[in-house]
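Q: Could you take a close look at one part of this model for me, the place where the two chains meet? I'd be glad of some strand pairing as background too.

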Amino acid sequence: MRPTLAVLAVVLAVAAGCSAPGSGKEESGNDSGPIKIAVVDAQSGQLSSLGAWELKGARLAVDEWNAAGGVNGRQIQLDVFDDQGDPTIGTNLARKIDSEGYIAMIGTAESAVTIAMSPLLKQAEIPNITSGQSPGLVATKSDFLFLNGPTSTTYDETLAKHIVDQQGIKSIAMITNNGGYGKGEHDAFLKALTSRNVTPVADQVVTADQKDFSAVLTSIRQKNPKVIFLGAEEVESGLIVKQARDLGITSAFAGAAPQGTPVFLDTAGAKNAEGTIVSSPYLSNDIDEASKKFAAAYKAKFNEEAELHGAKAYDGTQILLTALKTSNVATGKPLADAIRATKHDGLLGDFAFDETGVGIFSTSIGIIKGGKLVAAES
Amino acid sequence: MQVFLQTIVGGVSLGAVYALVALGFSLVYRTMGLVNFAHGNVVTVGAYLASTFYLSTKLPFALAMIIAIVVTGAIGLVIERVLRPLENKDFDLMLIGTIGFGIVLDALIIMIWGATGRAVPSPVPTAPIDIFGLRIRTYDLVVLAIAALATVLLVLFLSRTKRGTAMQAVAMDHEAATAVGIHVGRSNATAFMIGAGLAALAGGLVGPLLYVSPALGGALGIKGFAAAILGGFGSIPGAILGGLAIGILDSFTAGHFQGYSELVTFLVFTVIIMVRPTGIFGERTVNRA
């Protein structure tokens, strides 16, 4: 008898748990109460620094709007969900934010998670502005998916142009990981090299949570390349650079967004990372007035230096809030259309979305000098 | 040849850390017959404590390590004390209890230190030693020396001291041990404390090699657990050999199988375990589970 009762109790609890969010959806659909926006990002696990930065950028934008009276007099409610960098958890969260009545989503910072969530969000008609940059995001062909930065193709094309065309360097080795981001970088950079008739002297693939790179680096050392391209996240890239210098490799490193972050710099050590070539749409906090203002506000609020990922999320959130304002707090397809129509002069550049959901198509080249990322003289 | 030797060198330094993690697993297992699933999280706590005292309060690295080991050892005692009522009553619940502790520790780590992690600069900032083109980091030698010292001390403790011998007796037959007046609970507590201390040692040492984040212990925990199994679960020399073997195996598969290295490492591991289910040093002192 008792197990039956227990099962009944569980069923009732689950049923109650399901009905509550359903009613919440109707609440946010009407014209009163706060506008519910979800931030889905890794708040724990190896990719949590990305998630933390993105949350800060989004929070800063929302707080600024709320302080100025919100959107159409309604406050914006920003709630954070931890996907742990895991696509399975991501898909569960996609269902959760749908049933709890969130009208838009910021995140995630990990392409693989966003790609997994995309079909569900499309079905639920929840517009999503991601920080991912994998070309795979565009391949999902969702009208509800927008990127708050360029894709890997843009990053790596700019990088190859600088290294091969301008510096005339042809002796290039590649180390990429087999995760969502690393795979995208591998394909995009290899394509950029191939189109310039350059064959990398080494094309090494590592796993996403590898810790020892002796074998890979020693075989690269024998090839003695001028530049080593890194297609891996912040921490892993930092470890590769640190171990490479310990092995006596003096080649310069090159990479996209992760190689411009403080986490990469700290993990590698400033001295080891010296001379790293970075392709990024946001090189530093003092490029123009807007970035100075953003960096000051970021520093005041979170007591740490702003960087690319916070800036991307800030831009993405500004675009979403602007679209909410222009569309008079629309939801679903009209909101997605409003986002697509939004032209935004952001920290990363002038956003103008095309039908694939990409709004920025250029990056700049920076060099790490004296522990700081500075614009390269070209 | 150079690649071959350099690969071994790279594998050995992480292997020594895996060995320390495996020692902690094995010590608790041989004494209680329990797999402490919170062990990986204790490694993370140790790494955070050591790096906090080293970076924030600017203590010398060795002193920071000692404080981390003491504090983490105390956490080990707490875990054992909470689980003690379950000893010999419900073994499954005890296992789940350690998983629960792991989750609690994970959450505490994120609450205290945040989710982002930190890089720890090497406490031995000298250039690597170069022997015929083979580069050996000085810090790796420090790690190896400390791991070797810890193992010797542990073996001496288990074989030469009264408390250690009592723990051995509990491991062999806990009912007989109780009959001759050995306090099983205290013996278990000591095992948990030393196990946690070893975890802190591993975590503290690996900090400057890797990156201290809440995810650190998960990766080390799995490799350390595999190392303990490979060497023969519960065996002290087995844990050392298993750790080094996993480290070197990992290093080689990374060079040859690239993106599939993890898969190959664990396939090889599975084959070895299938051929020799009790591991290299097939010692089965405990069979209470």
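A: Here is a walk through the contact between the chains, followed by the strands of chain A. Please keep in mind that this is a predicted model.

Let's start with the interface. On one side, 29 residues of chain B are in contact with 35 residues of chain A. The area buried between chain B and chain A comes to about 2500 Å², and carbon and sulfur atoms give 57% of that area. The side of chain B that touches chain A divides into 14 nonpolar, 12 polar and 3 charged residues.

As for specific interactions, the rule finds 1 salt bridge across the interface of chain B and chain A. Asp246(A) forms a salt bridge with Arg137(B), and the closest N and O atoms of Asp246(A) and Arg137(B) are 3.5 Å apart. In addition, 9 residue pairs are in polar contact between chain B and chain A, counting pairs with both residues at pLDDT 80 or more. Which elements of chain B supply this surface? Those giving two or more residues to the side that touches chain A are α1 (2-32), α10 (236-257) and α11 (261-275) of chain B. The largest share, 7 residues, comes from α1(B).

Now for the strands of chain A. An open sheet of 7 strands in chain A has the order β7-β6-β8-β9-β10-β13-β14, and its pairing is mixed. At the edges stand β7 (202-206) and β14 (372-375) of chain A; each has a single partner strand, so one side of each is left without a neighbour in the sheet. From one strand to the next, the twist averages 25 degrees.

Inside this sheet, strand β8 (residues 227-231) and strand β9 (residues 252-255) of chain A run parallel and are joined by 4 bridges. In this pairing, Ile228(A) stands opposite Phe253(A) in β9(A). Helix α8 (residues 214-223) of chain A packs on the sheet, where α8 touches β6 (172-177), β7 and β8 of chain A. The direction of α8 makes about 170 degrees with that of β7(A).

Some further pairings in chain A round off the picture. Strand β1 (residues 35-41) and strand β3 (residues 104-107) of chain A pair in the parallel sense over 4 bridges, with Ile37(A) opposite Ala104(A) in β3(A). β3(A) also pairs with strand β4 (residues 128-130) of chain A, in the parallel sense, over 2 bridges. There, Met105(A) stands opposite Asn128(A) in β4(A).

Definitions and conventions:
Residues numbered from 1 in each chain as written. Chains lettered and ligands numbered in written order. Predicted model: local features only at pLDDT ≥ 70, side-chain atom pairs only at ≥ 80, totals over all residues. Heavy atoms only, no water. Pairing = 2+ DSSP bridges. Axes fitted to C-alpha atoms, helices over the stretch in contact; angles between N-to-C directions. Contact = heavy atoms within 4.5 Å. Buried area = accessible area lost by both parts, 1.4 Å probe. Salt bridge = Lys/Arg side-chain N within 4 Å of Asp/Glu carboxyl O. Polar contact = N/O pair within 3.5 Å; in protein donor to acceptor, adjacent residues only side chain to side chain. Nonpolar A, V, L, I, M, F, W, Y, C, P; charged D, E, K, R; others polar.
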